[in-house]
Amino acid sequence: MASKNGVVFEDFFPSMVQKLGTEGFMDELCNGFRLLVDGDKGVITFESLKRNSAAVLGLQDMSDDELMSMLKEGDLDGDGSLNQMEFCVLMFRLSPDLMKGSRRWLEEVGTNE
């Protein structure tokens, strides 16, 4: 289990990589992005995150500040939203065990292409 801002959660990503393989796991991350994306803008915005995190993920108890913090943490280009690459990078950063094995998994993806 890991802790982020005092919230304890179990990191299922490493077991997902083992079960699905690197490519399958990356496909699942992309599916997760699609669940949260603003369909008109093609990125995750504050509004789409707020709407979809409650409806799809059951995270209706997250405050606006917590949602905005998530966006800010992942927003690498400073546009106030998350594109698919920023979302995937954020997911890796939130998983301590994935960060440890990320170089190996990236090499696997590169080899498979």
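This is a short walk through one predicted model, covering confidence, the core and the salt bridges.

Confidence first. The protein chain averages a pLDDT of 79. Of its residues, 70% score at least 70. Where is confidence lowest, and where is it highest? The low end is strand S1, residues 2-4, with a mean of 45. The high end is H3, at 91. Keep H3 in mind; helix H3 comes back in the core.

Now the core. The largest nonpolar core holds 17 residues. Which of them touch the most other members? Five names: Leu29, Ile44, Leu49, Leu71 and Phe87. Four helices each give two or more residues to this core. They are H1, spanning 13-36, H2, spanning 46-57, H3, spanning 64-74, and H4, spanning 84-93.

Let me stop at one residue in H1. Phe25 sits in that helix. Is Phe25 buried or exposed? Its relative accessibility is 2%, and the cut-off for buried is under 20%, so Phe25 counts as buried. One distance to go with that. Phe25 and Ser15 are 10 residues apart in sequence. In space, their C-alpha atoms are 9.8 Å apart.

On to charges. Side chains of opposite charge can pair when their charged atoms come close. How many salt bridges does a search of the whole structure find? Two.

Take Lys50 with Asp64. The closest N and O atoms in this pair are 2.7 Å apart. The pair links distant parts of the chain, with Lys50 in helix H2 and Asp64 in helix H3. In sequence, 14 residues separate them. What about exposure? Lys50 has 39% relative accessibility, so it counts as partly exposed. Asp64 is at 36%, so Asp64 is partly exposed too.

Next, Arg93 with Glu73. Here the closest N and O atoms are 3.8 Å apart. The cut-off for a salt bridge is within 4 Å, so this pair is counted. Again, distant parts of the chain are linked: Arg93 lies in helix H4, Glu73 in helix H3, 20 residues apart. Arg93 has a relative accessible area of 39%, which makes it partly exposed. Glu73, at 27%, is partly exposed as well.

To put it together. Helix H3 gives residues to the core. Helix H3 also holds Asp64, the partner of Lys50 in H2, and Glu73, the partner of Arg93 in H4. And H3 is where confidence is highest, at 91.

Technical notes:
Residues numbered from 1 in each chain as written. Predicted model: local features only at pLDDT ≥ 70, side-chain atom pairs only at ≥ 80, totals over all residues. Heavy atoms only, no water. Core = buried A, V, L, I, M, F, W, Y, C linked by side-chain atoms within 4.5 Å. Buried < 20%, exposed > 50% of the residue type's maximum accessible area, 1.4 Å probe, protein only. Salt bridge = Lys/Arg side-chain N within 4 Å of Asp/Glu carboxyl O. pLDDT = per-residue confidence, 0-100.
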